[in-house]
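Welcome! Here is a friendly walk through one protein structure, taken a few elements at a time. Please keep the picture open as you read.

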Amino acid sequence: GWTLPLHYGQGHLQSHLHTRRHCSLFDVSHMLQTLVYGRDRIRFMESLVVGDIAELKPGQGTLTLLTNEKGGITDDLIVTNTSEDHLYVVSNAACADKDLAILRDRAAQLQATGSDVHLEVSDNALLALQGPSMARVLQAGLSDDLAKLSFMNSIATTVFGVPGCRVTRCGYTGEDGVEISVPAGRAVELAEQLLGVPDVWLAGLAARDSLRLEAGLCLYGNDIDETVTPAEAGLMWTLGKRRRAAMDFPGAAVIMAQVKEKPRRRPVAMAWTGQPLLTFLYPHIPGTVTSGCPSPCLGKNIAMGYVEAAHSRAGTELIVEVRKKQHPAVITKMPFVPTQYYMAK
């Protein structure tokens, strides 16, 4: 139900490089935004995800994982403990229906036992402003000081005269950026204000994908899904120490057993020259390629995937098969391009 261009007038390559050098605006309104209210909202959220939501300070958010009883990743979410007495949850668009059903079912279970929790689905639009020029562009329309807003922190504010916005310093490009939740009726107005700055271009889904891959960021449905656990995906850093000890999240027994025994497969980054569209690794190191594209910044092909743990060390040589032709590749470190996340001093 969403019309989302792969690119706008400038084309994919130019759009990607412009984001790295200047600033781009992405329409990500297809993401699900949910507000969780009630005195038991943290207990509710922690019954579904692996993160330590209770430790989040007001205005602070975290990437966390919605897991199932088999330890698989149902979705990756950003959960923010707002200063306005609710949790703000952003879910992937492809998982919106599935996630909402899980959230509503769990809320109903807790409500039936007397818990105080209720959900509200936001109809706000969501705009992502990403790139090294972001702070200069956005600060012109804010009374709040962006220099005080660190990566993964959030404020409710007015943006270029549009009240009722939430600005979260995060994004999916590896650059300094924000996501702006804005009342839908004024989203076009705000977008036009931002695009009035010559430094800001519109960017589509093609640049969004290549930028996130250069930054070593997973795409749900490609790099992680319900068949992959946090231990296998290299995402154990999303599990808080308290949560590991309590083992009170879905699939905890499976996930923690894998941590103890060491996963048989590991996520890897790889790079090579030649044809960019690949299918799988072959022949001497069995594995799977989950995402791949030419890197506009590096001038070579990059990919993410999984190989047997014994062959996952950086520098390991392997073969990628592309359209029945073999090309030498090497496992490298992630991210491919250094990230520029902003931490306030």
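## A covered strand and its two partners

Let us begin with strand 9, residues 162–168, which is mostly covered, with five of its seven residues buried. Please keep in mind that this is a predicted model.

On one hand, strand 9 pairs with strand 8 (residues 154–159) in the antiparallel sense, over five bridges. To find this pairing on screen, look for Ser154, whose bridge partner in strand 9 is Thr168. The two strands form a hairpin with two residues between them, and here Phe160 takes a positive phi near 45 degrees.

On the other hand, strand 9 also pairs with strand 10 (residues 177–182), again in the antiparallel sense, this time over three bridges. Val167 is a handy marker here, as it stands opposite Ile180 in strand 10. As a general point, strands of a sheet pair through backbone hydrogen bonds, either parallel or antiparallel.

## A five-stranded open sheet

Next comes an open sheet of five strands, arranged in the order 3-4-5-2-6 with antiparallel pairing. Which strands stand at its edges? They are strand 3 (60–67) and strand 6 (118–121); each has a single partner strand, so one side of each is left without a neighbour in the sheet. From one strand to the next, the twist averages 25 degrees.

Within this sheet, strand 2 (residues 32–37) and strand 5 (residues 87–91) are antiparallel partners joined over five bridges. Leu32 stands opposite Ser91 in strand 5. A general rule may help when you look at the side chains: in a regular strand they alternate between the two faces of the sheet.

## The helix across the sheet

Helix 3 (residues 96–112) lies across strand 2, strand 3, strand 4 (73–81), strand 5 and strand 6. Its direction is at about 155 degrees to that of strand 6.

One residue to pick out in helix 3 is Gln111. Is Gln111 buried, partly exposed or exposed? At 40% relative accessibility, Gln111 counts as partly exposed. Leaving aside residues up to four places away in sequence, Gln111 touches Val117 and His118. Gln111 and His16 are 95 residues apart in sequence, and their C-alpha atoms are 46 Å apart in space.

## An exposed loop residue

Now find Arg39, in the loop between strand 2 and helix 2 (41–46). Its relative accessibility is 63%, and therefore Arg39 counts as exposed.

Which residues does Arg39 touch, not counting those up to four places away in sequence? The answer is Gly114 and Asp116. Arg39 and Ser115 are 76 residues apart in sequence, while their C-alpha atoms are 8.1 Å apart in space.

## Two helices that cross

Helix 1 (residues 12–21) packs with helix 6 (residues 205–214) at an angle of about 50 degrees, and their axes are 9 Å apart. Helix 1 and helix 6 are therefore oblique to each other. Their crossing is right-handed. From helix 1, His12, Ser15, His16, Thr19 and Arg20 meet Ala206, Ala207, Ser210, Leu211 and Glu214 of helix 6. The residues of this contact divide into three nonpolar, five polar and two charged.

What else surrounds helix 1? The buried residues of helix 1 pack against strand 1 (23–27), strand 7 (125–130) and strand 11 (200–203), as well as helix 6. In helix 1, Ser15, His16, Leu17, His18, Thr19 and Arg20 are buried.

## An enclosed strand to finish

Our last stop is strand 15 (residues 300–308): seven of its nine residues are buried, so it is largely enclosed by the rest of the structure. Strand 12 (residues 265–272) pairs with strand 15 in the antiparallel sense over eight bridges. A good place to look is Met270, whose bridge partner in strand 15 is Ala303.

Strand 14 (residues 287–295) also runs antiparallel to strand 15, and eight bridges join them. Here Pro294 stands opposite Asn301 in strand 15. Strand 14 and strand 15 form a hairpin with four residues between them, and in the turn Gly299 has a positive phi of about 70 degrees.

How values were computed
Residues are numbered from 1 along each chain as its sequence is written. This is a predicted model: local features need pLDDT of at least 70, side-chain atom pairs count only at pLDDT 80 or more; totals for chains, interfaces and linings use all residues. Side-chain values use heavy atoms; hydrogens and water are left out. Two strands pair if DSSP finds at least two bridges between them. Axes are lines fitted to C-alpha atoms, for helices over the stretch in contact, and angles run from 0 to 180 degrees between N-to-C directions. Contact means heavy atoms within 4.5 Å. Angles under 35 degrees count as roughly parallel, over 145 as roughly antiparallel, 65 to 115 as roughly perpendicular and the rest as oblique. A crossing is left-handed if the near helix is turned anticlockwise from the far one by less than a right angle, and right-handed if clockwise. Ala, Val, Leu, Ile, Met, Phe, Trp, Tyr, Cys and Pro count as nonpolar, Asp, Glu, Lys and Arg as charged, and the others, Gly among them, as polar. Buried means under 20% relative accessible area, exposed over 50%, partly exposed in between (1.4 Å probe, protein chains only).
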